[in-house]
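The following exercises concern the structure shown below. Each task is followed by a solution that proceeds step by step.

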Amino acid sequence: MIASGALLLTIPEPRAGRLLAAFRRRRIAAAVIGAVKAGRGGDAYRDARRVRFEWSPRDELTRLG
């Protein structure tokens with residue numbers, strides 16, 4: 001999904017390190033910002049710390065679930 005100039009994508013967790021390394025080699029800024037969980041909701045991260053991320057029927061990102 002591309003929104004507000006950012007590309008958001010989901011991949012299996014074991015592949016995240018390789019993808020981040022590939023982006024770094026191409027000088028593309030990237031970071032893990034969350035984790036998908038079963039059901040509604042998930043975890044979001046800011047500066048490697050977990051932050052509150054609640055389900056919202058009005059938010060386009062949470063509506064994808």
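**Exercise 1. Determine which residues of α1 are buried and how they are arranged around the helix axis.**

Solution.
- Step 1. In this predicted model, the buried residues of α1 include Ala16, Leu20 and Ala22.
- Step 2. These residues lie on the same side of α1, because the arc they cover around the axis is only 160°.
- Step 3. Arg18 and Arg25, on the other side of α1, are exposed.
- Step 4. A general point on helix geometry helps to read such a pattern: an α-helix has 3.6 residues a turn, so residues three or four places apart point the same way.

**Exercise 2. State what phi arginine 27 adopts, where the residue lies, and whether it is buried or exposed.**

Solution.
- Step 1. Arginine 27 comes just after α1 and belongs to the loop that leads from α1 to β3 (34-36).
- Step 2. Its phi is positive, about 60°, although arginine 27 is not a glycine.
- Step 3. For comparison, most residues other than glycine have a negative phi.
- Step 4. The relative accessible area of arginine 27 is 80%; since exposed means over 50%, arginine 27 counts as exposed.

**Exercise 3. Identify the residues that make the nonpolar surface patch, and describe the accessibility of leucine 9 and isoleucine 11.**

Solution.
- Step 1. Leu7, Leu9 and Ile11 together make a nonpolar surface patch of about 260 Å².
- Step 2. Leucine 9 is situated in the loop between β2 (6-7) and α1, and isoleucine 11 is found in the loop between β2 and α1 as well.
- Step 3. Partly exposed covers the range between the buried limit of 20% and the exposed limit of 50%. Leucine 9, at 44% relative accessibility, is therefore partly exposed, and isoleucine 11, at 35%, is also partly exposed.

**Exercise 4. Find which residues isoleucine 11 touches, and how far the C-alpha atoms of isoleucine 11 and proline 12 lie from those of valine 36 and alanine 35, respectively.**

Solution.
- Step 1. Leaving aside residues up to four places away in sequence, isoleucine 11 touches Ala16 and Leu19. Ala16 is one of the buried residues of α1.
- Step 2. Between the C-alpha atoms of isoleucine 11 and valine 36 there are 9.6 Å, with 25 residues separating the two along the chain.
- Step 3. Proline 12, also in the loop between β2 and α1, has its C-alpha atom 9.6 Å from that of alanine 35, which is 23 residues away along the chain.
- Step 4. Proline 12 has a relative accessible area of 44% and is therefore partly exposed.

**Exercise 5. Describe the chain as a whole: its secondary structure, its burial and contacts, and the confidence of the prediction.**

Solution.
- Step 1. The chain has two helices and five strands, in the sequence order β-β-α-β-β-β-α.
- Step 2. The chain comprises 65 residues, of which 9% count as buried. Its exposed area is about 6,100 Å², and 52% of this is supplied by carbon and sulfur atoms.
- Step 3. Of the contacts between residues at least 6 apart in sequence, 15% join residues at least 24 apart.
- Step 4. The average pLDDT is 78, and 69% of the residues score at least 70. Among the elements, helix α1 (residues 16-25) has the highest mean pLDDT, 95, and strand β1 (residues 2-3) the lowest, 58.
- Step 5. A general caution applies here: where pLDDT is low, the predicted coordinates should not be read in detail.

Key: Residues numbered from 1 in each chain as written. Predicted model: local features only at pLDDT ≥ 70, side-chain atom pairs only at ≥ 80, totals over all residues. Heavy atoms only, no water. pLDDT = per-residue confidence, 0-100. Helix = DSSP H or I, 4+ residues; strand = E, 2+ residues; numbered from the N terminus. Patch = residues over 30% accessible without salt bridge, like charges linked within 9 Å, V, L, I, M, F, W, Y side chains within 5 Å. Areas by Shrake-Rupley, 256 points an atom, 1.4 Å probe, with all protein chains shown as cover. Salt bridge = Lys/Arg side-chain N within 4 Å of Asp/Glu carboxyl O. Buried < 20%, exposed > 50% of the residue type's maximum accessible area, 1.4 Å probe, protein only. Contact = heavy atoms within 4.5 Å. Arc of directions from axis to C-beta.
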